[in-house]
Amino acid sequence: IINSNDPSIIMKEDELNSLESHIHQYISLIDSINKKGYVPNLNKGFIEVELLLKNDKFCWKPSGEGNHRSVVVASLGYKNIKAILSKVVRYDEAKYWPNVVNGLYEQEEAELIFDRYLNADLPESQNDWISYCNRLILGK
């Protein structure tokens, strides 16, 4: 349980409590895909993706099942990834998004998050986490 809303504290707690588990999970997945390749089947299923649309710009992002697999296959240099489209999210329909309707996010907040995904623009609060991962993985 993390008893803070401060992004720096959340990242530190995550480092301390779950990083080792994530590392082992990724190593196991990398080994498996290196040995067998990425071959979705009925047991493991396809990576689920959402298509984000804003005017004439679009991107896809992993959602639901397959977040870790999508990172691993992309980092291993796969040029094509078999996936299944789970949802289309249109920017111009933001006022109808479930977490806007239920009040979890103001529409402007939800649109900001959408734009960050669409433009691959991480919030500044992620800098500590990125630096930590670079030091751990790349020795930088």
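A charge is taken to sit over a ring if NZ of Lys or CZ of Arg is within 6 Å of the ring centre and within 35 degrees of the ring normal. In this predicted model, Lys54 lies over the face of Tyr91, at a distance of 4.1 Å from the ring centre. An arrangement of this kind is also found at Tyr117, where the charged end of Lys61 is placed over the ring, 4.9 Å from its centre.

Contacts between aromatic rings were examined next. The model contains two aromatic pairs, and one of them, formed by Trp97 and Phe114, is stacked, with 5.5 Å from centre to centre and 25° between the planes. Because Trp97 belongs to the loop between β3 (83-90) and α3 (98-101), whereas Phe114 is part of helix α4 (residues 107-118), this pair ties together parts that are 17 residues apart in sequence. Both Trp97 and Phe114 are buried. Tyr91, whose face is covered by Lys54, is linked through ring pairs with Trp97 and Phe114 into a cluster.

Positive phi values in residues other than glycine were also considered. Asn55, which is not a glycine, has a positive phi of about 55°; this residue is situated in the loop between β1 (47-54) and β2 (57-62) and is exposed, its relative accessible area being 79%. Ala120 likewise has a positive phi, near 50°, and is found in the loop that runs between α4 and α5 (127-138). With a relative accessible area of 69%, Ala120 is exposed.

How values were computed. Residues are numbered from 1 along each chain as its sequence is written. This is a predicted model: local features need pLDDT of at least 70, side-chain atom pairs count only at pLDDT 80 or more; totals for chains, interfaces and linings use all residues. Side-chain values use heavy atoms; hydrogens and water are left out. Rings of Phe, Tyr and Trp (its six-membered ring) pair if their centres lie within 6.5 Å; planes under 30 degrees apart count as stacked, over 60 as edge-to-face and the rest as tilted. Helices (H or I, at least four residues) and strands (E, at least two) are DSSP runs, numbered from the N terminus. Buried means under 20% relative accessible area, exposed over 50%, partly exposed in between (1.4 Å probe, protein chains only).
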